[in-house]
Amino acid sequence: MKKILLVLFALSIFRTECSAQTVSGQVSGYDYVDLGVPSGTKWATYNVGATKPEEYGDYFAWEETKPKKEYTWKNYKWSKGGNNRITKYCENDKKEILEAKDDAATKNWGKAWRIPTNTEYTELYWHCEWKFVKNYNDSGVNGQLGISKENGATILIPAAGQWGETLSNLGSDFFYWLNKSSNWSPENAYCLDFPDSWVDWNHYRYYGRTVRAALK
């Protein structure tokens, strides 16, 4: 009987450790996790605008640094009212990668932090085992829990949905901005679209989506 109880106790500890968000350190007052990925990239443990992993945080249009009440082409900062009238990161200036002044992570958390690259998100995906979890730690939040194949550290990515004129797909879909616009379709930018595909360029820039920051 004692052996059974000891086994059950060990299993309960294992489940708790596997589901808890690992914290490796802190920079500028924000926690990060070291997942042991080859590039050495460190990841924030929660979204920009959040205070803990099981919060969605703020929603940003791509290249904007403040949240809004709704997200449309009409109120998008870098468009003159439509998707064919983009004024920055387009054919005119030939820019594709976000500058620090247009990066929601850098502007809100400081110069050490930034919106990740396509390559970094792809690396994160392939170097973790992923599991969809419902009601993470009794928070009511669904998400993808990643366990590093390199060092066993964990990271939670909440299913935060997206904002247009209203909030949609909350609890089921993942849309996290990356730092690159589409060079052949400038009204779009790259975004994490998980689990249907890991990185996708076909996302209108005006949508309000969450940001998971990375360390330089």
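Student: Let's start with a side-chain contact: with the side chain of which residue does the side chain of Asp102 make a polar contact?
Tutor: Keep in mind that this is a predicted model. Asp102 sits in the loop between E3 and H2. At 2.7 Å, the polar contact of the Asp102 side chain is with the side chain of Tyr89.

Student: And does Asp102 count as buried or exposed?
Tutor: Buried means under 20% relative accessible area. The relative accessibility of Asp102 is 3%, so this residue counts as buried.

Student: How many cavities of 30 Å³ or more does a search of the whole structure find?
Tutor: The largest cavity has a volume of about 30 Å³. Searching the whole structure for cavities of 30 Å³ or more gives a count of 1.

Student: How do the residues of the lining of that largest cavity divide into nonpolar, polar and charged?
Tutor: Asp102 turns up again here, as the lining includes Phe60, Ala61, Trp62, Asp102 and Trp177. Glu63 and Glu64 are also among the lining residues. The split is 8 nonpolar, no polar and 3 charged.

Student: Where does Ala61 lie?
Tutor: Ala61 is one of the residues lining the largest cavity, and at 1% relative accessibility it counts as buried. Its C-alpha atom is 9.9 Å from that of Gln162, although the two residues are 101 apart along the chain. As for its place, Ala61 is in the loop between E3 and H2.

Student: Let's move on to rings. How many aromatic pairs does a search of the whole structure find?
Tutor: A pair of aromatic rings is described by two things, the distance of the centres and the angle of the planes. To pair, the ring centres have to lie within 6.5 Å. The search of the whole structure turns up 12.

Student: What kind of pair do the rings of Tyr46 and Trp109 form?
Tutor: Their centres are 5.7 Å apart. Planes over 60 degrees apart count as edge-to-face. The Tyr46 and Trp109 planes are at 70°, so this pair is edge-to-face.

Student: How many residues apart in sequence are the parts that Tyr46 and Trp109 tie together?
Tutor: Both partners are buried, Tyr46 with a relative accessible area of 7% and Trp109 with 6%. Tyr46 belongs to the loop between strand E3 (43–44) and helix H2 (104–109), while Trp109 is in helix H2, so the pair ties together parts whose separation in sequence is 63 residues.

Student: What about Trp73 and Tyr206: which kind of aromatic pair do they form?
Tutor: Trp73 is in the loop between E3 and H2, and Tyr206, 133 residues away, is in the loop between strand E12 (197–204) and strand E13 (214–215). Both Trp73 and Tyr206 are buried. With 4.9 Å from centre to centre and 50° between the planes, this aromatic pair is tilted.

Student: Which residues form one aromatic cluster?
Tutor: Trp73 and Tyr206, the tilted pair, are both in it. The full set is Trp73, Tyr76, Tyr204, Tyr206 and Tyr207.

Student: Over the face of which residue does Lys88 lie?
Tutor: Lys88 is in the loop between E3 and H2, and at 10% relative accessibility it counts as buried. Along the sequence, Lys88 and Trp78 are 10 residues apart, with 6.1 Å between their C-alpha atoms. At 5.0 Å from the ring centre, Lys88 lies over the face of Trp78.

Student: And over the ring of which residue does the charged end of Arg209 sit?
Tutor: The ring in question belongs to one of the residues lining the largest cavity. The charged end of Arg209 is 5.0 Å from the centre of that ring, which is the ring of Trp177.

Student: One about the backbone: what is phi of Asn137 near?
Tutor: Asn137 lies in the loop between E5 and E6 and, at 45% relative accessibility, counts as partly exposed. Its phi is positive, in a residue other than glycine, and is near 50°.

Student: And what is phi of Asn169 near?
Tutor: Asn169 is in the loop between strand E9 (167–168) and strand E10 (174–181). With a relative accessible area of 31%, Asn169 is partly exposed. Here too the residue is not glycine and phi is positive, near 65°.

Notes. Residues numbered from 1 in each chain as written. Predicted model: local features only at pLDDT ≥ 70, side-chain atom pairs only at ≥ 80, totals over all residues. Heavy atoms only, no water. 1 Å grid on protein atoms, 1.4 Å probe; cavity = no way out; pocket = protein on both sides within 12 Å on 5 of 7 lines; lining within 4 Å. Points joined across faces, edges and corners; volume = space filled by probe spheres on them. Nonpolar A, V, L, I, M, F, W, Y, C, P; charged D, E, K, R; others polar. Phe/Tyr/Trp six-rings, centres within 6.5 Å; stacked < 30°, edge-to-face > 60°. Helix = DSSP H or I, 4+ residues; strand = E, 2+ residues; numbered from the N terminus. Buried < 20%, exposed > 50% of the residue type's maximum accessible area, 1.4 Å probe, protein only. Lys NZ or Arg CZ within 6 Å of the ring centre and 35° of its normal. Polar contact = N/O pair within 3.5 Å; in protein donor to acceptor, adjacent residues only side chain to side chain.
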